[in-house]
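Subject: The two-chain model, over to you

Hi,

Here is the structure I promised to pass on. Have a look at it first, and then read my notes below.

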Amino acid sequence: MDIRRLRGWLARLFSIFNRRRRDLEFAEELESHLATHIEDNLRAGMSPEEARRVALLKLGGVTLTRELHREQRGVPMLETYWQDLRFGLRMLRKNTGFSLFFHQLLERVNAMPGVTNAGAIVALPLTGIDNAWDIGLVTESQANMSLQQAPRISLGIITPQYFRAMEIPLLTGRAFDGADTQATPKVAIIDERLVRAHWPNASPLGQRIRIGQADDRADWHTIVGIAGAAQHDQPDVATRPTCDEGRPVNCAPL
Amino acid sequence: MSEKTDVWQGTLALMALKTLEALGPLHGYGIARRIEQISGNKLAINYGTIYPALLKLEQEGYIASEWGASDNNRRAKHYKLTRAGRKRLAKETQKWETTTEILARFFAAPEES
């Protein structure tokens, strides 16, 4: 195979790991394209509505353009497998055997010389691997809103010691502990950016949020703590508020 | 009424390379616009189709991109030709000229009675 073509396929292969970042980047590129075209049309004497309509028409449709770009960017079949794998891992974390594995692993890491704290999360910040779950968040005051239309957040599934291990401060409330089990109501720790966005003048502690990808699979979680903001995406991407869902029973309390 | 011609398959990438060689670093909108202008507005080009073509060229190392400010001070992604891109353009130009020359000979050949 031609070396250039091989390089192209490798680029497509690796792009499946940072799909969201690429989506955001292309969205910004398209936005810039449309704004420039609209400005040109306005200079040519069109009304604002006409300028926008012509720019969109000439582009060939935003959705189609995004889809064509996405197809060229990655390997659609592999992306489907990747999504299935992530779904499988998500199911796996509900399995007690998986919890036991993490419990034992973290115990051993903690026992190593020089280790003061060990924690785990589904996607480490700044790793360049974009596999945190991109889901919707609905607060109690907007309870009727569909998750598809809700503001997007990144969801991180963590073990109780994660914040301490990463030196992310717990600003108020409590961390997860052994009392949080699958049998008790679901709890969440949110970060300070989310507080500023949704509860600028009140304490969110004790409030409930619904988080998930689809309305029929989303659960209500009670907010028990507020953590400092951590960079959960690559530095060149505007980080969305992060919500850390607490299901410590899956990673048995340390 | 003037009829517009669809972009022939595979030629969009070549036109984009040529545009970047002629004008230097340019954003996607500028490239699409230039292609349309150079064709005397005879090519029917959906501007959106330039992006998958540019992405493929970038994936294969023929062009590189970086974010910068456009003429109107808007943040835009600019594409520029790489050394491999220049080589490919030279090669493709030669191939294209040979093809058109051969076709021209066929069309110019007198009919045999």
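One cut-off before anything else: a residue counts as buried when its relative accessible area is under 20%. Keep in mind, too, that this is a predicted model.

With that cut-off, take B:Glu60. Is B:Glu60 buried or exposed? Its relative accessible area is 8%, so B:Glu60 is buried. You'll find B:Glu60 in the loop between helix H3 (50–59) and S4 of chain B. And what does B:Glu60 touch, leaving aside residues up to four places away in sequence? On chain A, the partners are A:Arg4, A:Arg5, A:Arg7 and A:Gly8, and on chain B there is B:Arg88.

**The sheet in chain B**

Next, the strands that follow that loop. Chain B has an open sheet of 3 strands in the order S2-S5-S4, and the pairing is antiparallel. S2 and S4 of chain B are at the edges with a single partner strand each, so one side of each has no neighbour in the sheet. In general, strands of a sheet pair through backbone hydrogen bonds, in either the parallel or the antiparallel sense.

Here is how the pairings go, strand by strand:

- S2(B), residues 26–27, is joined to S5(B) by 2 bridges. B:Leu26 has B:Tyr79 as its bridge partner, and B:His27 has B:His78.
- S4(B), residues 63–69, is joined to S5(B) by 7 bridges. One of the pairs to look up is B:Ile63 with B:Leu81.
- S4(B) and S5(B) also form a hairpin with 5 residues between them. In the turn, B:Asn73 has a positive phi of about 65°.

Why call S5(B) largely enclosed by the rest of the structure? Because 5 of the 7 residues of this strand (residues 75–81) are buried.

Two helices lie across S4 and S5 of chain B. One of them comes from the other chain: helix H2 (residues 19–43) of chain A, which runs at about 100° to S5(B). The other is H3(B), running at about 120° to S4(B).

**A pair of helices in chain B**

Now turn to helix H1 (residues 11–23) and helix H4 (residues 83–108) of chain B. Their axes come within 10 Å and cross at roughly 120°. That angle makes H1(B) oblique to H4(B), and the crossing is left-handed.

Which residues make the contact? From H1(B) they are B:Thr11, B:Leu14, B:Leu17, B:Lys18 and B:Glu21. From H4(B) they are B:Gly85, B:Arg86, B:Arg88, B:Leu89, B:Glu92 and B:Trp96. Sorted by class, that contact has 4 nonpolar, 2 polar and 5 charged residues. You have met B:Arg88 already: it is among the residues that B:Glu60 touches.

One more spot in chain B is worth a click. B:Leu43 lies in strand S3 (residues 43–44) of chain B. Its relative accessibility is 7%, so B:Leu43 counts as buried. B:Leu43 and B:Trp8 are 35 residues apart in sequence, but their C-alpha atoms are 9.5 Å apart in space.

**Chain A**

How many helices and strands are there in chain A? There are 8 helices and 7 strands. Of its 254 residues, 41% count as buried. Looking at contacts in chain A between residues at least 6 apart in sequence, 71% join residues at least 24 apart.

The strand to start from here is S6(A), residues 219–227. These are the strands it pairs with:

- S3(A), residues 170–173, runs antiparallel to S6(A) and is joined to it by 3 bridges. A:Gly173 is matched with A:Gly225.
- S4(A), residues 187–191, pairs with S6(A) in the parallel sense over 5 bridges. A:Ala188 stands opposite A:Ile223.
- S5(A), residues 208–212, is antiparallel to S6(A), with 4 bridges. A:Arg208 has A:Thr222 as its bridge partner.

So where would I begin? I'd open the model at B:Glu60, with its contacts to both chains, and then go on to the sheet S2-S5-S4 of chain B. After that, S6(A) with its parallel partner S4(A) makes a good next stop.

Cheers

Methods
Residues are numbered from 1 along each chain as its sequence is written. Chains are lettered from A and ligands numbered from 1 in the order in which they are written. This is a predicted model: local features need pLDDT of at least 70, side-chain atom pairs count only at pLDDT 80 or more; totals for chains, interfaces and linings use all residues. Side-chain values use heavy atoms; hydrogens and water are left out. Axes are lines fitted to C-alpha atoms, for helices over the stretch in contact, and angles run from 0 to 180 degrees between N-to-C directions. Angles under 35 degrees count as roughly parallel, over 145 as roughly antiparallel, 65 to 115 as roughly perpendicular and the rest as oblique. A crossing is left-handed if the near helix is turned anticlockwise from the far one by less than a right angle, and right-handed if clockwise. Contact means heavy atoms within 4.5 Å. Ala, Val, Leu, Ile, Met, Phe, Trp, Tyr, Cys and Pro count as nonpolar, Asp, Glu, Lys and Arg as charged, and the others, Gly among them, as polar. Buried means under 20% relative accessible area, exposed over 50%, partly exposed in between (1.4 Å probe, protein chains only). Two strands pair if DSSP finds at least two bridges between them.
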